[in-house]
Amino acid sequence: MRMTTVTTADPPLIELRKVCKAFAKPSGEPLTVLADIDLSLAEGEIVGLLGRSGSGKSTLLRIAGGLIKPTSGEVLYRAAPLTGPAEGIAVVFQTFALFPWLTVLENVEAGLNALGLPREETRRRALSAIDLIGLDGFQSAYPRELSGGMRQRVGFARAIVIHPIVLLMDEPFSALDVLTAETLRTDFLDLWIGKHLPTRSVLLVTHNIEEAVQMCDRVLVLASNPGRIAAQVPVRLHHPRNRLDPAFHSIVDELYSTLTSRAVEGITALSQAHGGLVQPLPLVSTNRIAGLVEALASPPYEGRANLGGIARSLGFGVDDIFPIAEALHIMEFAELEDGAIKLTAAGRVFAESATQERKQLFSEHLLRFVPLAAHIRQVLEEREGHRAPRVRFESELEDHLNRAETEKTLRAVIGWGRYAELFAYDGRTRSFALPGSPREQ
Amino acid sequence: MEHHAEVLLGHRWRYRKLAWQDPVAILLVLATVILLGSGARQMVGPFVTAHQPEISLSPVVLPGYALRTTLRMLAALAASLIFTFTYATLAAKSRRAEMVLIPLLDVLQSVPILGYLSFTVVFFVSLFPGSVLGPELAAIFAIFTSQAWNMAFSFYQGLRTVPTDLDEASRSFRFSGWQRFWRLEVPFAMPGLIWNTMMSMSGGWFFVVASEAISVGDLQIALPGIGSYVALAIQQRDLAAVGFAIIAMTVTIVIYDQLLFRPLVAWGDKFRFEQTVTQTPPRSWLLDLFRSSRLLSILAARIGKGVHIILQVRLGAPEALRRLRRWSPPQRPVDLAWFALILGVVVYAFFDLVQFVAPTLGWADVTIAVSNGALTLLRVVVLIVLATIIWVPVGVAVGLRPQLAEKIQPLAQFLAAFPANLLFPVAVVLIVRFDLDPRVWLSPLMILGTQWYILFNVIAGASAFPGDFREAAASFRIRGWRWWRDVMLPGIFPYYVTGAITASGGAWNASIVSEAVSWGPTKLNGSGLGAYIAQMTEAGDYPRIALGIAVMSVVVIAMNRLLWRPLYAFAERRTRLE
């Protein structure tokens, strides 16, 4: 067992004070991705950064590691300002970031290159890290010969070999399959709890709620637009943690409901601004929307489900379940509330209808609740020839959204509009048209 | 002027519209070349042609000649590598240098190297008066100009596309600049560099023949080598000697392919960035031999250790400077000063050029050059169309039969590497014998060497065509023209475009040596821009050489920007299933 309470006596290993990060939009004005972040990593704890994609959690990790400079605010590492990558901070990457032209051993040694150690010392430390992380026998293999799990072990060994005081992990398990990820997680926890690692503190970025609860001593929930810390949830469970434990579940549910209320807040705020036109839409296919409605309508949920529960049963992570749930919420086929999702009357009708009625219903809801779709339709109706170039809407959106969000939103509305037969879109000419208008074929 | 596939491939391609940099860069290249040449020409006055060994036509001398030619090629390759590592690195690391260097490189790629030849020969000869070193360096430089640009370009593209995660990993491990260069950047750019080096070598062969026997105005130089051998054979109408030269060249190409490039490709396979294991990794008997030999591997390990230590030295800018550079925003005053400097040089170059050219050139000359350019453009277009009609069906037929493709593919690549100008005398003999019109029948020579790029790229495309698409087409009984239009042609299109770009670039380059050819006293002139430049080179008429080069550069660059790049972007967009 491990002490999980945060001690206040020692100064934090890494401290972020009022950190902001903004990037320039195409229009030149700044787009704030992180606002006013206060964060500290204390001795002996694993801190989780939980958020959806686009919440800036990876940017935050890179700021803590000195890879990105904050626009404003302070970053302190062992009470001194951090001005760039520093000795004693190691990063484990989501994509492993191994050098494909180096063998496992050479990759691990690469981590030590900057320390200027004698060759024998480098070799000795690399071999012991390889041994610790369970890579014995793979020293002379090239990364492309290894499975994903083995590659990430190399990523861990390469980080551990420099004896980091702080370990920053950027979704280290999310590129792995479920079983492999679980093995790597428990192996890492064994080393951590057994104090076999020189590391004194870990920052873990994740979008997997259960992973956060399984590994972390406290979880910071990041809200998006701009990214800010919305809640802090301590996890005071003993290791090894049991996923079937009701206490474990209640923390998972608490995190889900925090994320849900952030999501609902976001939708409400943006649908009121600018007449709702610039509301970023979740990019989900109508198949998934219909699928979730059907799953919700059938037993055991009968119209109402706990998000954590239904995500688990569908094998979905946060980034899978939330966009669909949000799409349902925006179109009022369901309501998100406190970590639960509840079908509306329209949602129930949708679940019971056949294809043509579904399309009809979907089309009505799209026009009513997605102002962008209604706007496109109206423009097409008013225009002579009933055609409009994509760029027209793109520029409207880009005044308020960044390029990636604009692209995502347009792709979402195109997919939904095509399904609802509200409008057609020609990818070659990049233009919208009314369905059945002469040049649409 | 090599427009190489690797440079144009996929994500490495950064689409750029015709911009102000292009005319400026053309101007700068021309001005520099003319400055060097005209300056040197004044020095060349009292120059007495160095004592030159006699060139012999006996086949016995050929191995020695082949060796000397190969050495020149390798020396030029070494120079190209040094150029690549410095020029491309500077362009990739400095935003301000990039603004100038990259458009410049783009133009240098498109300027026919024979154009440089006339200017640089006099320059080098006058550097070492009375010594054979001058002409040797001139030849090496000529070969260098046919090799360096695309290598530098591919390296620059490599440096600019280093994956973010590897970049972050290197930064988080605090690699020094030196470590980063050898650990991350060079390995990442290596596959493209190796491929372009091979392409450069092929391009170099083509011009080695032209650069060993040079005559610019009154200056006649013949260096012992295969190129001079062929030139003499042509002069003396010795068809047998031409045959010997072809055999010697074939053997040479096979040997250096086996001894140099096969091992290089097999070794370079580990630098591939894709995280998948190849079905059939490239192999080389020589590399296998080296790896299995105990003595050699001990030796190699020793050398490797030494190299390793050198590459691991923590060379780099002082920490304070690096921090300043990394996190300082671009400073406007410095930018303005930089722009002012560029502008000053451009204005100077412009007036210099006008001064050089104005007294001798009139609008009539421009009209002649442009109309010649139009004729060559017509030839290139017709030839590419013809080559497409012939080689696309052949390539598809071969590519869909894996066993056949395995045998044909190396052959096509060998043919692409073979200097086609060795075969020109044969064509001349035939044209004279049958009394054909040289304006029509000289044209195919332009594409003789480069048509193979279309063939082997199409073969590669057809081999990579997904089997399930073919099966789907077969099960829906899509046949005939519809099969070509809806199934196969879209599938091979990006590959075809890559091949056609290379073929068309090569054809322009070849026009200089193929539009005007001779066989002993017989001279055939097909007219066209290539013939124009060749003629003016022979006459030592620098202003008109410059004019010819300028017209060709403009046409080639316009063709790239207005036709090939949009086509490539289109191919990328349309044929991707994502």
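Let's start at His386(A), which is buried, with 20 other C-beta atoms within 10 Å. That count is just enough, because a residue is called buried if 20 or more other C-beta atoms lie within 10 Å of its own. Keep in mind as you look around that this is a predicted model. You'll find His386(A) in the loop between helix 13 (371-382) and strand 14 (387-389) of chain A. Its backbone deserves a look too: phi of His386(A) is near 50°, a positive value in a residue other than glycine. As background, most residues other than glycine have a negative phi, and most peptide bonds are trans.

Chain A has another residue of this kind. Arg78(A) is not a glycine either, yet its phi is positive, about 50°. Look for Arg78(A) in the loop between strand 4 (72-77) and strand 5 (80-81) of chain A. And is Arg78(A) buried or partly exposed? It is partly exposed, because Arg78(A) has 15 other C-beta atoms within 10 Å, and a residue needs 20 or more to be buried.

From Arg78(A) you can step into the sheet beside it. Strand 4 of chain A belongs to an open sheet of four strands in the order 2-1-4-5, with antiparallel pairing. At the edges sit strand 2 (30-41) and strand 5 of chain A, each of which pairs on one side only. Strand 1 (residues 14-24) and strand 4 of chain A run antiparallel and are joined by five bridges. If you want one pair to find on screen, go to Arg17(A), whose bridge partner in strand 4 of chain A is Glu74(A). In general, strands of a sheet pair through backbone hydrogen bonds, either parallel or antiparallel.

Now move along chain A to two cis peptide bonds. One of them joins His239(A) and Pro240(A), with omega about -10°. Pro240(A) lies in the loop between strand 10 (228-234) and helix 7 of chain A. Another cis bond joins Pro299(A) and Pro300(A), and there omega is about 5°. Pro300(A) is in the loop between helix 8 and strand 11 of chain A.

Helix 7 and helix 8 turn up again when you look at helix 9 of chain A. Which residues of helix 9 (residues 307-314) are buried? They are Leu307(A), Gly308(A), Ile310(A) and Ala311(A). The elements covering these buried residues include helix 7 (246-272), helix 8 (286-297), strand 11 (304-306), helix 10 (318-330) and strand 13 (340-343) of chain A. Just after helix 9, Gly315(A) takes a positive phi of about 70°.

Time to zoom out. Chain A has 15 helices and 16 strands, and its C-alpha atoms fill a box of roughly 75 × 50 × 45 Å along the principal axes. Chain A fits the picture of a compact globule, because 441 residues would then give a radius of gyration near 22 Å, and the 24 Å of chain A agrees with that. Buried residues make up 43% of the 441 residues in chain A. Among contacts in chain A between residues at least 6 apart in sequence, 71% join residues at least 24 apart.

Chain A also has a partner. Here 23 residues of chain A are in contact with 23 residues of chain B. On the chain A side, 13 of the touching residues are nonpolar, seven are polar and three are charged.

Crossing over to chain B, you meet two domains: domain 1 (1-13 + 56-273) and domain 2 (360-578). Their centres, taken over C-alpha atoms, are 21 Å apart. The largest nonpolar core has 266 residues, and Ala245(B) and Val458(B) touch the most other members. Helix 8 (residues 177-212) of chain B gives the most to this core, with 16 residues. What does Ala245(B) touch, leaving out residues up to four places away in sequence? Its contacts are Ile226(B), Tyr229(B), Val230(B), Ala233(B) and Leu422(B).

Finish at a hairpin in chain B. Strand 3 (residues 516-519) and strand 4 (residues 522-525) of chain B run antiparallel, joined by four bridges. One pair to pick out is Ser518(B) with its bridge partner Lys523(B) in strand 4 of chain B. Two residues lie between the strands, and in this hairpin Gly520(B) takes a positive phi near 60°.

Definitions and conventions
Residues are numbered from 1 along each chain as its sequence is written. Chains are lettered from A and ligands numbered from 1 in the order in which they are written. This is a predicted model: local features need pLDDT of at least 70, side-chain atom pairs count only at pLDDT 80 or more; totals for chains, interfaces and linings use all residues. Domain bounds come from an automatic or database domain assignment. A nonpolar core is a set of buried Ala, Val, Leu, Ile, Met, Phe, Trp, Tyr and Cys residues joined through C-beta atoms within 7 Å. A residue is buried if 20 or more other C-beta atoms lie within 10 Å of its own, exposed if 12 or fewer, and partly exposed in between; C-beta atoms are placed from the backbone. Two residues are in contact if their C-beta atoms, placed from the backbone, lie within 7 Å. Two strands pair if DSSP finds at least two bridges between them. Ala, Val, Leu, Ile, Met, Phe, Trp, Tyr, Cys and Pro count as nonpolar, Asp, Glu, Lys and Arg as charged, and the others, Gly among them, as polar. The radius of gyration is taken over C-alpha atoms; the globule rule is 2.2 Å times the number of residues to the power 0.38.
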